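The following exercises concern the structure shown below. Each task is followed by a solution in steps.

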Amino acid sequence: MRKALRARVKFAGSVVCAAPVLLFALTACLPEGGYDKVTHREKRELPPPDFPPPPRVIAGVGQTAASARVVATNLPAGVTQEMVDEGQQAYGTTCTACHGANGIGTPVAPALNDNQWINISGQYPEIVQVITNGVPNPKEHSGAMPPRGGGNFSDEQIRALAAYVYALSHQGGGA
Ligand code: HEC
């Protein structure tokens, strides 16, 4: 009885082992038409994934949840909230690479969201000046800031950028 069982198991085993060989032999013997099924399967294309299209990217808008609109509280004369808004958008295209989102600073450029200044005292005309000229010889960082931050900004956009930097850095109403 045991012997018979073992023999059966052995037989089953050899059938399993032989199966791929048998299959191969079978496929090899199939006539040309035997591949029809495969061709048919290849034709069945998967439907395109049902992902929503990516959102349209508007430079500087909605980069992160944290980049909420900066609402200025104490702008100097001649500087408007509209300029701050425009500056915030322009900031996201170029300046953010070095000064970080929302001006939090990075290892290559200082924070612009506090009242600590390196090259200027933080007055609006100085900010306009430093953005226009860049910082060819940084005091605390190894790489220079190019004029206009390396961006193709008009004077009006520079004033808007400065308005945004001013609003960022004067949030608390301090210097
Ligand atoms: C390539 C990197 C880089 C880019 C891009 C860049 N900056 Fe700068 N920025 C610097 C560096 C470096 C300094 C000088 C830091 C120092 O003196 O140690 C600086 C300084 C400044 C300062 C003066 C800060 C201070 O405390 O003296 C302001 C304001 C400023 N940048 C605004 C901007 C604005 C706005 C843009 C975009 C138009 C911009 N930067 C783009 C690297 C950059």
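**Exercise 1.** Determine how helix 3 and helix 6 are oriented relative to each other in this predicted model.

*Solution.* Two packed helices are described by the angle between their axes and the distance between those axes. Here, helix 3 and helix 6 pack at an angle of about 95°, and their axes are 7 Å apart. Angles of 65 to 115 degrees count as roughly perpendicular. Helix 3 and helix 6 are therefore roughly perpendicular to each other.

**Exercise 2.** Identify the residues through which helix 3 meets helix 6, and classify them by character.

*Solution.* On the side of helix 3, the contact is formed by Met83, Val84, Glu86, Gly87, Gln88, Ala90 and Tyr91. Helix 6 contributes Gln157, Arg159, Ala160, Leu161, Ala162, Ala163, Tyr164 and Ala167. The residues of this contact divide into 10 nonpolar, three polar and two charged.

**Exercise 3.** Describe the largest nonpolar core and state which helix gives the most to it.

*Solution.* The core holds 22 residues, and those touching the most other members are Leu161, Ala162, Ala163, Tyr164, Val165, Tyr166 and Ala167. At least two residues each come from helix 3 (81-91), helix 5 (124-133) and helix 6 (155-169). Helix 6 gives the most, with 10 residues. To follow one member further, take Leu161: beyond residues up to four places away in sequence, Leu161 touches Gly87, Ala90, Tyr91, Ile131 and Phe153.

**Exercise 4.** Decide whether valine 70 is buried or exposed, and list its contacts.

*Solution.* Valine 70 lies in the loop between helix 2 (36-43) and helix 3. A residue is buried if 20 or more other C-beta atoms lie within 10 Å of its own. Valine 70 has 22 C-beta neighbours inside 10 Å, and therefore counts as buried. Leaving aside residues up to four places away in sequence, valine 70 touches Val84, Gln88, Tyr164, Ala167 and Leu168. Its C-alpha atom is separated by 8.9 Å from that of glutamine 171, which is 101 residues apart from valine 70 along the chain.

**Exercise 5.** Characterise the shell of residues around the ligand.

*Solution.* There are 29 residues around the ligand, of which Cys95, Cys98, Asn119, Met145 and Gly149 come nearest. Helix 4 (96-99), helix 5 and helix 6 are the elements that give two or more residues to this shell. By character, the shell divides into 19 nonpolar, eight polar and two charged residues.

**Exercise 6.** Summarise the chain as a whole.

*Solution.* The chain has six helices and zero strands. Of its 175 residues, 22% are buried. Among contacts between residues at least 6 apart in sequence, 63% join residues at least 24 apart.

Conventions:
Residues are numbered from 1 along each chain as its sequence is written. This is a predicted model: local features need pLDDT of at least 70, side-chain atom pairs count only at pLDDT 80 or more; totals for chains, interfaces and linings use all residues. Helices (H or I, at least four residues) and strands (E, at least two) are DSSP runs, numbered from the N terminus. A residue is buried if 20 or more other C-beta atoms lie within 10 Å of its own, exposed if 12 or fewer, and partly exposed in between; C-beta atoms are placed from the backbone. Two residues are in contact if their C-beta atoms, placed from the backbone, lie within 7 Å. A nonpolar core is a set of buried Ala, Val, Leu, Ile, Met, Phe, Trp, Tyr and Cys residues joined through C-beta atoms within 7 Å. A residue is near a molecule or strand if its C-beta atom, placed from the backbone, lies within 6 Å of it. Ala, Val, Leu, Ile, Met, Phe, Trp, Tyr, Cys and Pro count as nonpolar, Asp, Glu, Lys and Arg as charged, and the others, Gly among them, as polar. Axes are lines fitted to C-alpha atoms, for helices over the stretch in contact, and angles run from 0 to 180 degrees between N-to-C directions. Angles under 35 degrees count as roughly parallel, over 145 as roughly antiparallel, 65 to 115 as roughly perpendicular and the rest as oblique.
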